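This report describes the fold of one protein chain for a reader who is new to structural biology. Please keep the sequence and the structure in view while reading.

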Amino acid sequence: MGEEEKEEEERKEQNMESKKAGEEGESSMTPWEQHAKVISIPRFDYKAPSSLLQRSHSAFLITCTITEREKSATKEAMSILSKYVGPFNGETSDANVDAKRRKICTEEIDQIISKTVDSPEITDDAGGIPKDGSSISANTDKSEAPELALSLVKLTKSGLLLLTLPVENSLDTIDVVSKIFCDLGSGSLKSPLWCHRIFPIQATCTLSEKELHAVVSKLVQQYVKDKGNKLTSPLKFAVGFNRRGTEESQLKIPKDGSKNSDMSALLDRNKCFSVVAAAVKANVPDSVVDLKSPELSILVELLPLSGVPNGSLVVGVSALPLNLVSTKPKLCIKPLVGDKIGKKGS
């Protein structure tokens, strides 16, 4: 063997050793360490809370599998949602670098998750999204994702993430979550580690009887007009209200303010349920409450916003079809990977 051939063999051996050492070093890193260096968390949008008080927004409320791991969940949520939504506020303005970073992060996290959690199959038998639903088959090509900036909103409760869109109806959030479930079921999207549930918020409003009634009425009208929704007679519906542990006694609400008193009264579940039910029946007279198998579920989530005046309460509202909700032990959006992995009560 000539000297040139020997040198070539030595170079190949060195390259193999370097590659092996790199793989061993990467495998010894935790999932957080592996994807922390390829994607940065966007800054909080401190203007978002006041904007939510002034106008309605579409949004995504995400619960974490483990509290105090919001950073891990945020990075994971960015990786997932960037396939369907687009960029985040607070990311670099360099479009090429931004796209490259998201691509690298997606590949890294997908590899991590595929080694850690088996992707569950979501079938009709399990109450999931039907696999033959071609109308909600996701297109994960980022080049065709709508260019809408999501804002990260600071919250007062741990284990939660709120990502808002610029305005209401700027994106069909229910369609996005339906696509995520569909891709999880087909295996084209790996099971998340840190994100437990993604609640698609269609609209937001302050917690007042007038505004809540108006928002629910509008969403019910949209649901009824949607040709993709097959309505039965009577329409079976259910109402869910999640206060996230916020009680009337925790709020500093002046007793002499009629508007604030209205908010305080709606913290009572029965009062909130009656307002929502009245809005549904006003738009669909032939409707009945069915808690076991509701065709339509109206979910109201109290958003624990940071940086809002005392007594200011904002809720996220959505009208969801049966295939996106679970009714036991309580009415809520379905978990992404099942309650065995997720945190109970999220």
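## Terms and overall picture

In this report, helices and strands are runs assigned by DSSP and numbered from the N terminus; a helix has at least four residues and a strand at least two. The model under discussion is predicted. By this assignment, the protein chain contains nine helices and eleven strands.

The protein chain has 346 residues, and 48% of them count as buried. Its accessible surface comes to about 17,800 Å², and 49% of that area belongs to carbon and sulfur atoms. If one takes the contacts between residues at least 6 apart in sequence, 80% of them join residues at least 24 apart.

## The four-stranded sheet

Strands in a sheet pair through backbone hydrogen bonds, in either a parallel or an antiparallel manner. One open sheet of the chain consists of four strands in the order S2-S3-S1-S4, with antiparallel pairing. At its edges stand strand S2 (151-153) and S4, each of which pairs on one side only. On average, neighbouring strands in this sheet are turned by 25 degrees against each other, direction ignored. Strand S1 (residues 59-64) and strand S3 (residues 160-164) run antiparallel and are joined by five bridges. Within this pairing, Ala59 is found opposite Thr164 in S3.

Two helices lie across strands of this sheet. Helix H4 (residues 70-81) lies across S1, S2, S3 and S4, and its direction makes an angle of about 35 degrees with S3. Helix H6 (residues 173-186) lies across S1 and S4, running at about 150 degrees to S4.

## The five-stranded sheet

A further open sheet is built from five strands in the order S5-S9-S8-S6-S7, and its pairing is mixed. Strand S5 (203-206) and strand S7 (287-289) each have a single partner strand, so each edge strand has one side without a neighbour in the sheet. Here, neighbouring strands are turned by 30 degrees against each other on average, direction ignored. The mixed pairing can be followed strand by strand. S5 and strand S9 (residues 314-321) pair in the antiparallel sense over four bridges, and Cys205 stands opposite Val315 in S9. S8 and S9 also run antiparallel, joined by eight bridges. By contrast, strand S6 (residues 235-242) pairs with S8 in the parallel sense, over six bridges.

Which residues are the bridge partners of Leu299 in this sheet? Gly240 is paired with Leu299 in S8, and Leu299 has Ser318 as its bridge partner in S9. The strand S8 is mostly covered, as eight of its eight residues are buried. Its two faces are both covered: Leu296, Ile298, Val300 and Leu302 are buried on one side, and Ser297, Leu299, Glu301 and Leu303 are buried on the other.

Helix H7 (residues 209-225) lies across S5, strand S8 (296-303) and S9, at about 20 degrees to S9. Lys210 is found in this helix. Is Lys210 buried or exposed? Its relative accessible area is 72%, and a residue counts as exposed over 50%, so Lys210 is exposed. The C-alpha atoms of Lys210 and Val275 are 8.9 Å apart in space, although the two residues are 65 apart in sequence.

## A buried residue in a loop

Gln202 lies in the loop between strand S4 (195-201) and S5. With a relative accessible area of 15%, Gln202 falls under the 20% limit and is therefore buried. Beyond its neighbours within four places in sequence, Gln202 is in contact with several residues, among them His57, Ser58, Glu168, Leu219 and Val317.

## Rings and a charge

A pair of aromatic rings is described by the distance between the centres and the angle between the planes. One aromatic pair is found in a search of the whole structure. The ring centres of Phe44 and Tyr46 are 6.2 Å apart and their planes lie at 65 degrees; this angle is over 60, so the pair is edge-to-face. Phe44 counts as partly exposed, with 35% relative accessibility, whereas Tyr46 counts as exposed, with 60%.

Another ring has a charge placed over it. The charged end of Arg69 sits over the ring of Trp194, at 4.5 Å from the ring centre.

How values were computed
Residues are numbered from 1 along each chain as its sequence is written. This is a predicted model: local features need pLDDT of at least 70, side-chain atom pairs count only at pLDDT 80 or more; totals for chains, interfaces and linings use all residues. Side-chain values use heavy atoms; hydrogens and water are left out. Two strands pair if DSSP finds at least two bridges between them. Axes are lines fitted to C-alpha atoms, for helices over the stretch in contact, and angles run from 0 to 180 degrees between N-to-C directions. Contact means heavy atoms within 4.5 Å. Buried means under 20% relative accessible area, exposed over 50%, partly exposed in between (1.4 Å probe, protein chains only). Accessible areas come from the Shrake-Rupley method with a 1.4 Å probe; for residues, only the protein chains shown count as cover. Rings of Phe, Tyr and Trp (its six-membered ring) pair if their centres lie within 6.5 Å; planes under 30 degrees apart count as stacked, over 60 as edge-to-face and the rest as tilted. A charge sits over a ring if NZ of Lys or CZ of Arg is within 6 Å of the ring centre and within 35 degrees of the ring normal.
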